[in-house]
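Visitor: I would like to learn how to read a structure like this one, feature by feature. Where should we start?

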Amino acid sequence: LTSTVAGSQAAASVRFRPANDVPFHGGIHITLPVSFELDDPSLKTSWKLCGVVGAANITLQNIHIDKNFENILIDKNLATGRWQVLMMLSEGQMLSKYSLVEFTIPGVVVRPYSGLSGAFAIRTVTGALNVIDHALKGTETLIIPGRLAAVSVMVLSAEAGAVSSVQISFTNVNPIPADGKIFVTFPSKFDLLNPVSNGYQEGIAGMVAVASYAPSDGGRCPVGSMAQFGCNVTLQVEGDKTPSHSSVSFGITNVGMMQLAGFAGTYVVQTRTVDGFIIDEATVADGSVGPSKLGFAKVASLGVLRASSNATLKVSFTTANPVANGSFVHVVFSPLFNLSDTCYSDGVCGQLEVSGSRVSLHDVMLDRVLILVNQDCPAEFDLEFLVAGIKAPAVGGFTGTYQIKTVSAGGVDIDVDMDVEQIIAAPAVMQAHVVMDSTAAGAITRVHVRINVTSPIPAEDAIIELEVPSDASVTIGAAVT
C-alpha cells in the first residue's frame with residue numbers, strides 16, 4: 001500500500017509468481033481486506049491498471065476500465081462486504097508458471113480504523129473461475145490511525161487543585177461509528193473524581209456518556225513508573241454515525257487539576273470502534289495550571305508594631321493544596337521593610353527567628369523570609385507560625401501589602417495570596433526636652449526644643465511639629481537650629 005493511514009487514498013502494488021500455468025481464458029482474482037473500499041471505476045472517465053504480466057511482457061497499461069467492464073470485473077461481495085478485482089486474460093494470452101506478475105491497483109481506500117489490515121487474497125483462476133493457485137498477502141500490514149484536526153483541550157478553571165470541567169474539541173478525519181467511542185488520556189498528577197459528561201456536546205450525531213475511566217476508583221492519576229496504568233476516560237457514542245470532517249465538541253466534569261502550578265502536560269484524544277480499534281487520534285499539549293489561592297491569609301503584629309522597633313509577626317493561612325515535607329513558605333514584605341537590618345531603635349541588634357509547628361527558618365533575603373516545611377500538611381490545613389526579630393519600617397502608617405505562597409521543593413508555586421492585607425505601624429517614640437526663656441504669665445518667650453529621634457529624619461520634606469498648650473498662642477516666626 002502506498003499509504004497505511006486509516007481512511008486515506010492509496011494504491012495497492014501486487015507482485016507474485018504463479019506456481020502453476022494459467023491457461024488461455026484464465027485470470028487473476030484479488031480480494032481486498034474487510035472494510036477496504038475501491039473507488040467506483042464506472043464514475044470515472046478512465047481507470048486503468050499499470051504493470052507487467054508474465055514473461056511474455058503482456059502489459060496492462062493500456063487496459064482501460066469503462067462502464068462495460070470488458071475484461072476486468074470489479075464488484076463488492078455482498079456476503080463478505082469485501083471488494084474484488086477479477087482480471088481475465090485476453091484472447092490468446094496465458095501465464096507460464098514462475099513468471100513475474102506485477103501491477104498496481106489504483107483507487108484503494110484504506111479501511112477507516114487502525115490495526116492489522118487483514119488478508120489480501122490473491123488467486124489465479126481458470127476461465128470457469130476454478131482456483132489454480134491461492135495466497136494471502138498483507139496480513140502484517142499495520143494500518144495507523146488518521147489524525148484528528150483542530151484539536152483543543154480547554155480547562156474551565158486551571159487553578160492547582162481545582163475541580164473543573166474540561167472541554168474537548170476536534171475535527172474527525174474518518175466517520176465515528178454509531179456505536180463508537182471517544183478515548184481521552186489526561187496528564188499525570190490529575191484527579192478523575194468520578195468523571196461524567198457535563199451535558200455539553202456539538203457535532204455528534206447522537207449522545208456521548210462516560211462509559212469507564214481509569215483509575216477506576218476515581219482518584220489520583222498514577223505518576224512515574226505507575227503512569228502506564230493510565231489516567232483516561234472512555235465515552236460511549238450512542239445514536240447515528242458521525243460523518244467525516246465533523247466539528248465535534250463535548251465536556252467532561254469532575255476533573256481535578258494537578259496540585260502544583262506549572263505545565264499541565266499532554267492529552268491524547270482518540271476516536272475508536274466499539275472493539276477498541278483506533279480510528280483517528282491526536283496529542284495536544286495544554287497550557288499551564290496556575291497556583292490556587294491560600295485561604296484566610298493574614299499577617300498580624302503581636303503587640304503594637306512601632307516604627308524601627310523589634311517586632312514579632314504572626315503569619316497564618318489555610319492551604320488549598322497539600323504541602324509536602326521539604327516544601328517552603330515564602331513571606332514577601334513590602335519595600336518599606338529591610339530584612340537585612342536587625343538593629344532596632346533601642347540600640348539592640350538581633351536576628352530573625354521562626355517558631356511554630358511543622359516549620360523552621362530556612363533563609364532570609366532582602367524582602368522575604370523562606371520558611372521550611374518539616375512535615376506534610378494536607379489540603380485545607382490551618383498553618384500558623386511566628387516571625388520574630390523583624391525591624392519595623394522607619395515611619396509609621398501602613399506597612400504595605402504582603403505576599404504569601406507555598407512552594408514545592410522544586411520551586412513550583414502551589415498556593416499563593418499576592419495581596420495579604422497590610423497592617424499599621426505606630427510612630428516611633430522619641431525623647432523631647434522643652435525649655436522656655438520666660439515662664440511669666442502673658443510673657444512672649446522663646447522656646448528651646450531638644451529631641452532625640454529614634455528613626456532617621458529625611459534630608460528633604462521632613463516636618464518637625466510642635467504642639468503648644470491650648471491656652472498659649474504662637475507668633476509666626478522662624479525656627480532657629
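Guide: Start with how the contacts are spread along the chain. Among contacts between residues at least 6 apart in sequence, 72% join residues at least 24 apart. Keep in mind that this is a predicted model.

Visitor: How many helices and strands does the protein have?

Guide: There are 38 strands and 0 helices.

Visitor: What share of the residues counts as buried, and what supplies the exposed surface?

Guide: The protein has 481 residues, and 41% of them count as buried. It exposes about 25,000 Å², of which carbon and sulfur atoms supply 54%.

Visitor: How do I read a sheet?

Guide: The general idea is that strands of a sheet pair through backbone hydrogen bonds, in a parallel or an antiparallel sense. Here, one open sheet has 4 strands in the order β26-β27-β32-β29, with antiparallel pairing. The edges are β26 (295-301) and β29 (353-355); each has a single partner strand, so one side of each is left without a neighbour in the sheet. On average, neighbouring strands of this sheet are turned by 15° against each other, direction ignored.

Visitor: Over how many bridges do β26 and β27 pair?

Guide: β26 and β27 (residues 310-318) pair over 5 bridges in the antiparallel sense. For example, Val299 has Val315 in β27 as its bridge partner.

Visitor: Is Ser316 in that strand buried or exposed?

Guide: Ser316 lies in β27. Its relative accessible area is 16%, so Ser316 is buried; the cut-off for buried is under 20%. Leaving aside neighbours within four places in sequence, Ser316 is in contact with Phe296, Ala297, Lys298, Leu383 and Glu384.

Visitor: Which strands pair with β22?

Guide: Strand β16 (residues 181-185) pairs with β22 in the antiparallel sense over 5 bridges, and Ile182 stands opposite Thr271 in β22. Strand β23 (residues 278-285) also runs antiparallel to β22, joined to it by 7 bridges. One of the pairs here is Thr266 with Ala285 in β23. The hairpin of β22 and β23 has 5 residues between the strands, and Gly276 takes a positive phi near 95° in this hairpin.

Visitor: Which residues does Val268 contact, apart from its neighbours within four places in sequence?

Guide: Val268 lies in β22 (residues 266-272). With those neighbours left aside, Val268 is in contact with Phe183, Val184, Thr185, Ala282 and Thr283. Its relative accessibility is 21%, so Val268 counts as partly exposed. Val268 and Val153 are 115 residues apart in sequence, while their C-alpha atoms are 9.7 Å apart in space.

Visitor: How do I read a nonpolar core?

Guide: Look for the members that touch the most other members. The largest nonpolar core has 33 residues, and those with the most such contacts are Ile168, Phe170, Ile182, Phe186, Phe190 and Phe250. At least two residues of this core come from each of β14, β15 (163-171), β16, β19, β20 (247-256), β22 and β23. The strand that gives the most to this core is β20, with 4 residues.

Visitor: What does Phe250 touch?

Guide: Not counting residues up to four places away in sequence, Phe250 touches a set of residues including Val166, Ile168, Phe170, Ile182, Val184, Tyr200, Ile204, Val208 and Leu235. A second, separate core has 32 residues, among them Val354, Val373, Cys377 and Ile423.

Visitor: What should I look for in the backbone angles?

Guide: The general idea is that most residues other than glycine have a negative phi and most peptide bonds are trans. Exceptions are therefore worth listing. Tyr98 has a positive phi of about 70° although it is not a glycine. Ala150, also a residue other than glycine, has a positive phi near 50°.

Visitor: Where do Tyr98 and Ala150 lie?

Guide: Tyr98 lies in the loop between β7 (83-88) and β8 (101-109), whereas Ala150 lies in strand β14 (residues 149-155). Tyr98 is exposed, with a relative accessible area of 54%. Ala150 is exposed too, at 60%.

Visitor: Which residues does a cis peptide bond join?

Guide: A cis peptide bond joins Ala214 and Pro215, with omega about 5°. Pro215 has its place in the loop between β18 (206-214) and β19 (232-239).

Technical notes. Residues numbered from 1 in each chain as written. Predicted model: local features only at pLDDT ≥ 70, side-chain atom pairs only at ≥ 80, totals over all residues. Heavy atoms only, no water. Buried < 20%, exposed > 50% of the residue type's maximum accessible area, 1.4 Å probe, protein only. Contact = heavy atoms within 4.5 Å. Pairing = 2+ DSSP bridges. Axes fitted to C-alpha atoms, helices over the stretch in contact; angles between N-to-C directions. Areas by Shrake-Rupley, 256 points an atom, 1.4 Å probe, with all protein chains shown as cover. Core = buried A, V, L, I, M, F, W, Y, C linked by side-chain atoms within 4.5 Å.
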